[in-house]
Every structure is written in C-alpha cells, then in structure tokens.
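Reader: I should like to learn how to read a protein fold step by step. May we go through one together?

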Amino acid sequence: MASDSRLGCLLLLLFAFLLCSTAADSKDKPKKKKDIRDYNDADMARLLEQWEKDDDIEEGDLPEHRRSPPPVDFSKVDPSKPEELLKMSKKGRTLMVFATVSGDPTEKETEEITGLWQGSLFNANYDIQRFVVGSNRVIFMLRDGSLAWEVKDFLLNQERCQDVTVEGQVFPGRAAKQEESKNKQQNVTKKKSKKPNVDTNRAGAVKQEL
C-alpha cells in the first residue's frame, strides 16, 4: 500500500511538472504575426491608433475627422449672407460638389464634358478631383471646402450643366434655365393658338343676320 501511495505521488508530481513546463513555454513563445495582406479594416484602424499613440503627430497630419475645426471669426460674417458663414466653416475641410449634365448623355459624354470643366478649374488654380458616378452625374471633390461655392458658380454657367448640389442645396444650372424659358415660351404659344378669333366670330354673326 505504501509503495502504491508513493507511486501515485510521483506520478502527480511529474504531471504537475509537465503542466508548468508547458505553460512556461507558451508564455515565452512569441505570437505568430498576422500577414499584413490579411489585414481587414479593423486591423488597419487599430494599427493607425497604435501609431498615433506611439508618435507625436502634427495637427496637419492627423485624419481630417480628428483635426480641430478652424476658428470662425463671426465679426467678419455678414448676417444677411448665411453662405459666407458656410464658407468659413468649411475652410480647410474636404467637401464634395455634385453636378448633373443635361441632355441625357452617355457616361463617356459625361466624362468628356466634365473633364473640360475640371480642366478649366485646374487652370484657375483650383485643387479639385473629379469622379463620374453615373451616366449624367459627377462629383467634384475639393480639399478646401470654402471654395465650393466659387466652383458652384462656375459650373452653373456651363451650357450643359443641369444642376449643382452643395451641402444638400440644389441650384439650377444654365441648361435647366434654358429649358424652363423654352417651356414658358411654348405655353404662351399654345395659349395664343387656343384664343378664339373675335373678328371671325363677329363676321359670321353678321352673315347670319343678313
């Protein structure tokens, strides 16, 4: 019985030793690093956060959503012009301007037409990018959002511009105004053609009396 007891204790000590040894090895063994090609969006976000914690990043190098908003000097804002306040609040911020090309164009035609618009803006020293997002729809992206309203005014004067959208507000373009004017003219012509000829009716009444 005593020998059996000692054998049991020996086996128990051996098992405990093996268990402790395995635990120590697992702690010392470095974790296998994930291949960067297998990183998903969450992994990249964690990596970026770690870099930001480890390094002192300047304000201008931070992602735009983490930068401090530019101070707005309300003394320079005209209360009668709310657009001026919007311009100042978008200073240094990325802003997208949406535009529609008139005349039911193909995507290729939209690419060509809006490419000419972008070229003119680029020659006028506007830092602007263009993305065609449909057969007649395009996005112009500005790094300095305060310039969006100047770009909007330029686009509205283009012959094939149907409308421009800035900050959810839609502005009719030159093509839309021409269509509206044409429709009004057609309505006036139709009304004139439907107007009864008073002189003819009078002449007919006189003949009947005779």
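The following exchange takes up the elements, the sheet and the surface of this predicted model.

Reader: How many helices and strands are there in the protein?

Author: From the N terminus on, the elements run α-α-α-β-α-β-β-α-β-β-α-α. Counting each kind in the protein gives seven helices and five strands.

Reader: Which strands stand at the edges of the sheet?

Author: The sheet is open, and its five strands pair in an antiparallel manner in the order β2-β3-β1-β4-β5. A strand at an edge has a single partner, so one side of it is left without a neighbour in the sheet. The strands in that position are β2 (128-132) and β5 (169-172).

Reader: What is the bridge partner of valine 97 in β3?

Author: Strand β1 (residues 95-101) and strand β3 (residues 137-142) run antiparallel and are joined by six bridges. In β3, the partner of valine 97 is phenylalanine 140.

Reader: Which helix packs on the sheet with a direction at about 170° to that of β4?

Author: Helix α4 (residues 107-123) packs on the sheet and touches β1, β2, β3 and β4, but its direction makes about 175° with that of β2. Another helix, residues 148-156, touches β1, β2, β3, β4 and β5, and its direction makes about 170° with that of β4. The helix asked for is α5.

Reader: What percentage of the residues in the protein is buried?

Author: A residue counts as buried when its relative accessible area is under 20%. Among the 210 residues in the protein, the buried share is 22%.

Key: Residues numbered from 1 in each chain as written. Predicted model: local features only at pLDDT ≥ 70, side-chain atom pairs only at ≥ 80, totals over all residues. Heavy atoms only, no water. Pairing = 2+ DSSP bridges. Helix = DSSP H or I, 4+ residues; strand = E, 2+ residues; numbered from the N terminus. Contact = heavy atoms within 4.5 Å. Axes fitted to C-alpha atoms, helices over the stretch in contact; angles between N-to-C directions. Buried < 20%, exposed > 50% of the residue type's maximum accessible area, 1.4 Å probe, protein only.
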